[in-house]
Amino acid sequence: MMTARRKRLIGVSILALLLVAVVIGFQFLSGITSDRYAGQPQVVGLPPGYDPLAAASPYDGLHPSRKDRPSDPYTYPIPIGQPGPVTPTYADSLDYPFACRSERSKLGQPLVDNQDKIGTAVYDLDAEGNKNGELVGYSKDCSINTRVLYYYRSRESGKFLPFEEQADDVEAITIDGQTVPFVVRLEVGTINRHIYIIVLLRGPNDTPETPDLSYWNRKLLYQLRGGVGIGRRQGRINPNYIPRRRSVELQQGYAVVHSTANQTSTSYDIELAEDTMARVKRHFTARYGEPIYTIGLGGSGGAIQQYLIGQNRPGLLDGGIAMYSYPDTVTQITRVMDCELLEYYFDVVDADNEKWQKWSQRSWIEGFNARDDLPNPFEKVRALQALSLGQWPSWSNGQTECTRSWRNLTPHVANPRYTYFASLFAPSVEEQVPFTYWDNQKRVYGTDENGLARRTFDNVGVQYGLAALKRRQITIAEFLDLNDKIGGWRPAVDMTRERYWNSGGAKSDLADISVWSHHNMTATASTDLPAPRSEGDIDAMAAAYRSGNVFLGELSMPVIDYRHYLEPELDMHHSLESFSTRLRMLRGQGHADTQLIWFAQLPYSPLDDALHLLERWLENMRADQNLTIADARPSDATDRCYDDTGKLLASGSTVWNGAWNGKDDGACMQHYPIYSNPRLVAGDDFAGDIFKCYLQSIDASISGGLYAPVDVTAHRDELQRVFPSGVCDYSRGDVARPDDVMRNSLANP
């Protein structure tokens, strides 16, 4: 029998474990519900008469690759001590609110441009440079005066610090056989309301007004950055960021430029990104001279910009190094928004199914990688929630790419009533504004009858888990239950505030927390009807194609697409996207001669090799302008893969063969296998460029062998009930893709 002492020890142990769970859970919860923007300058007012819900029509014009751009009315260079142009060349008006971020970039307050309480308050400064509380005006467009700073790399700390002539720990570097101090000229200002930065080695006779270009190699790198942004703010960048990030290239004599408009954590507005890049280059050329060529460099959203700008405006970049790439944003959003629908099903709707309690098996449906051995802080939050409801808590180790990398992305891009940076706006401003990816570009996607942007997400007819059914990993009963109950996302007008995430979420009790945002999912009260699916707007989808927001596979500049293999980490930069891009190129222009795919294992980085190979490629093109890009390609410009030490594992034209092109796995694919995604599991192909599938009847899908080798004939009526409109026939392409942007139509108009 158990003694009283043993019972007490067990009870104490259980209480201790519960206390640990509570402490860990609350630590995690406080981290993601805290507001890191609290106390920062706020936008306090909108322009008189400005309506954030003003109607807009979906774009139905020419694809940008066929369009002439407006002339730029601004005369460059921007004078030192003055701000740059505010309104993009393509626009006749500006969107508001717009949160200034120059203070957070350590560049001081923005310039006053009104006294009408529009934008951010600007205050007088005391002798020490601190705000003295005296209001001097407001800034709605966040301009700053162009200025030149000098930074040096400290020999002692290795950091870049503001340069003073008396500094005695300046690191020395060698360039062109000369030993010179590692001091950079750093120009900052604003163009199109966003902060730009230009960095290059300071020559011996450099002054702010007259740059000394003795150490510039006449080559320009355009740094592009990633993240997930929905506009409404300027973006921030510390002056020492580029010197620190690109120190190796600066030592080799490159000039490096960047704008926060080319940082997708600020915005995914590709038209703004392109226009700003063109203006930054015009300004650079006017002040520093014409570069021999301009190479794009950046990862994730920075890679997306290279592919889309390369497609939409050939010649603005001469080449690119696209790291951790996706082909574009808007088609990726579809997979992101599938994630929480599936996770809610696994965690709650079908929680008693032991299959989903083993996290790695969720990959059968989601396609992304998943692991059983990773701690999951969201599980601890759910344990806390159970305690608050008087239930016995439990949690398990394990994560999917959806939970580890994509969680909170759906509210961020799709919920107009939520933004994690809501504290940058006064409540009277924030409550008027819809914060979504689509609303930030409503001039592209158009608005509905409520003034909210039309959305592209659609899952009508999508058979989640189809491949898992065909592999007999799930039963027909499980397949039907999943698709019966998965539902979709509520229309934008019906969405409510989040119940979990930081700033911009609703204040709710622990019992009401939802890590999945399930209160914004569709559901059905009837057991006879399936949960309603989301039906996207076809005009918005067509506008995505026409506006250049979708990568169609047209690329007339050389790009090296390289990434570290991060599948074991369940990182969002999964490997599949490099091959989605390649497949679109093969279909869009009939070849992928302008793209190389390189993988490596951390910590090795092939960036330096990629940059110098790309330069040889561009030099070949300069030496003989009659050569095609393919003909100018160096003989060693091949697909390849490396290990973690930099050892070349394999190279050649077949090393990345695999399921994506219907061939046996090549040598690199065997080293670095790719995973899938929810739509691939549902029957889509690797190009991933279908917003809305054509539908086929249940009878046609059964007779056509769609479910083979599983015989579903006996379940015909239940399939018909779950899919009353039919199921996806991905072989027919996208319902919404306009005829004038069909494959090969841009290359051969």
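In the predicted model, Val-122 has Gly-137 of strand β3 as its bridge partner. This bridge belongs to the pairing of strand β2 (residues 119-125) with β3, which is antiparallel and extends over five bridges. Both strands are part of an open sheet of three strands, arranged in the order β1-β2-β3 with antiparallel pairing. At its edges stand β1 (43-45) and β3 (131-139), each of which pairs on one side only. From one strand to the next, the twist of this sheet averages 55°.

The loop between β1 and β2 holds two residues with notable backbone geometry. Pro-77 is located in this loop, and the peptide bond that joins Tyr-76 to Pro-77 is cis, with omega about 5°. Lys-106 also has its place in the loop between β1 and β2. Its phi is near 60°, a positive value in a residue other than glycine.

A second open sheet is formed by twelve strands, in the order β5-β4-β8-β9-β11-β10-β12-β13-β16-β17-β18-β19, and its pairing is mixed. The edges are taken by β5 (160-162) and β19 (648-651); each has a single partner strand, so one side of each has no neighbour in the sheet. On average, neighbouring strands of this sheet are turned by 20° against each other, with direction ignored. In general, the strands of a sheet pair through backbone hydrogen bonds, and they do so in either a parallel or an antiparallel manner. Within the twelve-stranded sheet, a parallel example is the pair of β13 (residues 319-323) and β16 (residues 559-564), joined by four bridges. One residue pair in this arrangement is Gly-320 with Val-559, the latter being the bridge partner in β16.

Helices pack on this sheet as well. Helix α4 (residues 270-288) touches β8 (183-191), β9 (194-201), β10 (220-223), β11 (255-259) and β12 (294-299), and its direction makes about 130° with that of β8. Helix α19 (residues 607-623) lies across β10, β12, β13, β16, β17 (595-600) and β18 (640-642). Relative to β13, helix α19 runs at about 155°. Strands β10 and β12 are thus among those contacted by α4 and also among those crossed by α19. The loop between β17 and α19 contains Pro-603. The peptide bond leading from Leu-602 to Pro-603 is cis, and its omega is near 10°.

Packing between helices is illustrated by α6 (residues 330-349) and α16 (residues 476-485), which meet at an angle of about 115° with their axes 10 Å apart. This angle makes α6 roughly perpendicular to α16. The crossing of the two helices is right-handed. On the α6 side, the residues in contact are Leu-342, Tyr-345 and Val-349, and they meet Glu-478, Asp-481, Leu-482 and Lys-485 of α16. By residue class, this contact consists of four nonpolar and three charged residues, with no polar ones.

Taken as a whole, the protein chain contains 24 helices and 21 strands. Its C-alpha atoms fill a box of roughly 85 × 65 × 60 Å along the principal axes. A compact globule with 749 residues would have a radius of gyration near 27 Å, and the protein chain has 27 Å, so the value agrees with that of a compact globule.

Technical notes: Residues numbered from 1 in each chain as written. Predicted model: local features only at pLDDT ≥ 70, side-chain atom pairs only at ≥ 80, totals over all residues. Heavy atoms only, no water. Pairing = 2+ DSSP bridges. Axes fitted to C-alpha atoms, helices over the stretch in contact; angles between N-to-C directions. Contact = heavy atoms within 4.5 Å. Parallel < 35°, antiparallel > 145°, perpendicular 65-115°, else oblique. Left-handed = near helix turned anticlockwise from the far one by under 90°. Nonpolar A, V, L, I, M, F, W, Y, C, P; charged D, E, K, R; others polar. Rg over C-alpha atoms; globule rule 2.2 N^0.38 Å.
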